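Biologist: I am new to this structure and would like a close look at one part of it, the sheet and the turns that join its strands. Please take me through that part step by step and then place it in the whole chain.

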Amino acid sequence: MQCPPLNYQLPYTFENGLNFNGFNAQCSGCHQPIELEQLRGSLSAIGLDRCLLSARGYCDACDGITCYDFILTATDQLNVEPLPRQSTTQPL
Ligand SMILES: [Zn+2]
């Protein structure tokens with residue numbers, strides 16, 4: 001499945017004016033930083049001040065893919081919390 005580059009969708013602006021400009025992605029395999037340009041995914045609003053970030057980053061160094069799933073919450077300031085790992089895969 002092809003997702004659009006994440007930076008096409010950045011900065012993401014919340015209803016209250018806070019901006020999300022991206023995050024420091026790191027490869028889960030070799031811990032190298034992953035450029036914003038290498039991230040693909042989507043940002044979807046799940047409320048006025050909450051947004052689901054779901055992205056995949058491609059690592060040049062080890063040819064690996066790292067998945068990022070975060071909930072962004074914009075109240076007084078922007079909070080990024082990892083989504084608890086849950087089984088979102090299809091049953092066989
Ligand atoms: Zn890597």
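Modeller: A good place to start is Ala45, whose bridge partner in strand 6 is Cys51. Everything described here comes from a predicted model. Another bridge of this kind joins Ser42 to Ser54, again in strand 6. Strand 5 and strand 6 run antiparallel and are joined by seven bridges. Together they form a hairpin, with four residues between the two strands.

From strand 6 the pairing carries on to strand 7. Ser54, already met as the partner of Ser42, has Asp69 as its bridge partner in strand 7. Ser54 is thus a residue through which one can step from strand 5 to strand 7, with Ser42 on one side and Asp69 on the other. Strand 6 and strand 7 are paired in the antiparallel sense over nine bridges. They too make a hairpin, this one with six residues between the strands.

The next step is from strand 7 to strand 8. These two pair over five bridges, in the antiparallel sense. Within this pairing, Leu72 stands opposite Val80 of strand 8.

Put together, these pairings give an open sheet of four strands in the order 5-6-7-8, with antiparallel pairing. Its edges are strand 5, residues 39–45, and strand 8, residues 78–82, each of which pairs on one side only. Neighbouring strands of the sheet are turned against each other by 25 degrees on average, ignoring direction. As a general point, strands of a sheet pair through backbone hydrogen bonds, in either a parallel or an antiparallel way.

Now to the turn between strand 6 and strand 7. The loop here runs between strand 6, residues 50–58, and strand 7, residues 65–74, and Asp60 is found in it. Asp60 counts as exposed because it has 11 C-beta neighbours inside 10 Å, and a residue with 12 or fewer falls in that class. Asp60 lies 26 residues from Ile34 in sequence, while their C-alpha atoms are 8.1 Å apart in space.

Asp63 is in the loop between strand 6 and strand 7 as well. Its phi is near 65 degrees, a positive value in a residue other than glycine. Most residues other than glycine have a negative phi. Asp63 has 10 C-beta neighbours inside 10 Å and therefore counts as exposed.

A positive phi of about 65 degrees also appears at His31, which is not a glycine. His31 sits in the loop between strand 3, residues 25–26, and strand 4, residues 33–34. It has 11 C-beta neighbours inside 10 Å, so it counts as exposed. One more backbone detail is the cis peptide bond between Leu10 and Pro11, with omega about -5 degrees. Pro11 belongs to the segment before strand 1, residues 12–13. In general, most peptide bonds are trans.

The sheet also contributes to the interior. The largest nonpolar core has eleven residues, among them Ile34, Leu39, Leu53, Ala55, Tyr68, Leu72 and Ala74. The elements giving two or more residues to this core are strand 6 and strand 7, and the largest share, three residues, comes from strand 7. Two names from earlier return here: Ile34, the residue 8.1 Å from Asp60, and Leu72, the residue opposite Val80, both belong to the core. Tyr68, another core residue, is in contact with Ala25, Leu53, Ala55 and Gly57, leaving aside its neighbours within four places in sequence. Ala25, Leu53 and Ala55 are themselves part of the core. In soluble globular proteins, nonpolar side chains tend to be buried together.

Finally, the whole chain. The protein has eight strands and zero helices, so its pattern along the sequence reads β-β-β-β-β-β-β-β. Of its 92 residues, 15% count as buried. Among the contacts with a separation of 6 or more, 44% are between residues 24 or more positions apart. The C-alpha atoms fill a box of roughly 40 × 35 × 20 Å along the principal axes. The radius of gyration is 14 Å, which agrees with the value near 12 Å that a compact globule of 92 residues would have.

Notes
Residues are numbered from 1 along each chain as its sequence is written. This is a predicted model: local features need pLDDT of at least 70, side-chain atom pairs count only at pLDDT 80 or more; totals for chains, interfaces and linings use all residues. A residue is buried if 20 or more other C-beta atoms lie within 10 Å of its own, exposed if 12 or fewer, and partly exposed in between; C-beta atoms are placed from the backbone. Two strands pair if DSSP finds at least two bridges between them. Axes are lines fitted to C-alpha atoms, for helices over the stretch in contact, and angles run from 0 to 180 degrees between N-to-C directions. The radius of gyration is taken over C-alpha atoms; the globule rule is 2.2 Å times the number of residues to the power 0.38. Two residues are in contact if their C-beta atoms, placed from the backbone, lie within 7 Å. A nonpolar core is a set of buried Ala, Val, Leu, Ile, Met, Phe, Trp, Tyr and Cys residues joined through C-beta atoms within 7 Å.
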